[in-house]
Amino acid sequence: MSFDDVKDERMLVMVDKLCVWMGGILGETLNRENLIVTIRNGGPLCKLADYIQESVDDFKANNEDNDDLPSNAPQGCDFTCGVRTMEARQNVTKFLDWARKLRVPESSIFLPDDLLKLKGKMNVVNTLLAVARRAKDCGMAADIDAPPKIANAFIGLEEKFGKKFDHTSKAFGSQKSELKTVTTTLMSGSAWKIVQQKIDAILQLPGKPSYEIFRV
């Protein structure tokens, strides 16, 4: 299930960032085409929570007044169950309960059927982005909101569409072109040059009234 029907380019960029972040944690190659399919039975979400929980535990040990944060990742998850099974629903429910304890706002929590029955994939993405931000608050590396690297973005397009974007990726890559020099010298006949000359005259002739100096 891809995100081809999503027209908001900003959200698509966030989906790409989410794929990179989650894929790095889970050891999976995730992209727009396979993200939802990969996590649909909830097993990978429980694995994600397990990795984040390590950072949460460290955060709680070094910071006071955080006892309400989760003490454990979801327990008893079935990582190999089918997407239409009760085990899959239990996986997703356990992950969402854990996310609530992580202080993900209820307004950002997707409904189980958004994932299990594919009713709201962007709701799923929004929840996972919120989880990533909370993980970052607890000390985990998660630069979800960092500006994208332009060179890498074009290189990714090159890999998908061929050599069409090759020249563009190089333009934003390691090769640095010389910046165009912009002169700030005022032209002799410009209006600002005339004003500057008048001001210089005032400074040089302190006893002369300004209205005589600016008289044309």
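Where is Arg103 found? Arg103 is in the loop between α4 (86–101) and α5. The model discussed here is a predicted one.

## Overall make-up

The protein contains ten helices and zero strands. Read from the N terminus, its elements follow the order α-α-α-α-α-α-α-α-α-α.

The protein has 216 residues, and 34% of them count as buried. About 14,000 Å² of the protein is exposed, and 54% of that area is supplied by carbon and sulfur atoms. Among contacts with a separation of 6 or more, 56% join residues 24 or more positions apart.

## Salt bridges towards the N terminus

The count of salt bridges in the protein comes to eight. Side chains of opposite charge can pair when their charged atoms come close. One of the pairs is Asp8 with Arg10, where the closest N and O atoms are 3.4 Å apart. The partners fall into separate accessibility classes: Asp8 is partly exposed at 31% relative accessibility, while Arg10 is exposed at 65%.

Another salt bridge joins Arg32 and Asp16, with an N to O distance of 2.7 Å. Arg32 sits in the loop between α1 (9–26) and α2 (35–39) and Asp16 in helix α1, so this pair ties together parts that are 16 residues apart in sequence. Arg32 counts as partly exposed, with a relative accessibility of 23%. Asp16 is also partly exposed, its relative accessible area being 29%.

## The loop between α1 and α2

Asn31 lies in the loop between α1 and α2, the loop that also holds Arg32. With 28% relative accessibility, Asn31 counts as partly exposed.

Which distance separates Asn31 and Leu18 in space, C-alpha to C-alpha? The value is 8.8 Å, for two residues that are 13 residues apart in sequence.

## The network at Arg100

A network of salt bridges links Asp97, Arg100 and Glu106. Within it, Arg100 pairs with Glu106, and the closest N and O atoms of the two are 2.9 Å apart. Arg100 is partly exposed, at 35% relative accessibility. Glu106 counts as exposed, at 51%.

## Unpaired negative charges

Which residues form a negative surface patch? Asp50, Glu54, Asp57 and Asp58 do so. Of these, Asp57 belongs to helix α3 (residues 43–62). Asp57 has a relative accessible area of 36% and is partly exposed. Membership of a patch requires over 30% relative accessible area and no salt bridge, so Asp57 at 36% passes the area cut-off.

Asp114, in helix α5 (residues 112–116), is another acidic residue without a salt bridge, but this one is buried. Lys119 is the nearest side chain of opposite charge, at 7.5 Å. A salt bridge requires a side-chain nitrogen of Lys or Arg within 4 Å of a carboxyl oxygen of Asp or Glu. Neighbours within four places in sequence aside, Asp114 is in contact with Lys119, Gly120, Lys121, Asn123 and Val124. Lys119 is therefore listed as a contact of Asp114, although Asp114 has no salt bridge.## Positive phi outside glycine

Two loop residues deserve a note on backbone angles. Arg103, in the loop between α4 and α5, has a phi near 75°, a positive value in a residue other than glycine. Arg103 counts as partly exposed, at 33% relative accessibility.

What is the phi of Leu118, which is not a glycine? Phi of Leu118 is positive, at about 60°. Leu118 is placed in the loop between α5 and α6 (121–137). At 31% relative accessibility, Leu118 counts as partly exposed.

Technical notes: Residues numbered from 1 in each chain as written. Predicted model: local features only at pLDDT ≥ 70, side-chain atom pairs only at ≥ 80, totals over all residues. Heavy atoms only, no water. Helix = DSSP H or I, 4+ residues; strand = E, 2+ residues; numbered from the N terminus. Buried < 20%, exposed > 50% of the residue type's maximum accessible area, 1.4 Å probe, protein only. Contact = heavy atoms within 4.5 Å. Areas by Shrake-Rupley, 256 points an atom, 1.4 Å probe, with all protein chains shown as cover. Patch = residues over 30% accessible without salt bridge, like charges linked within 9 Å, V, L, I, M, F, W, Y side chains within 5 Å. Lys, Arg positive; Asp, Glu negative; His and termini not counted. Charge placed at Lys NZ, Arg CZ, Asp CG, Glu CD.
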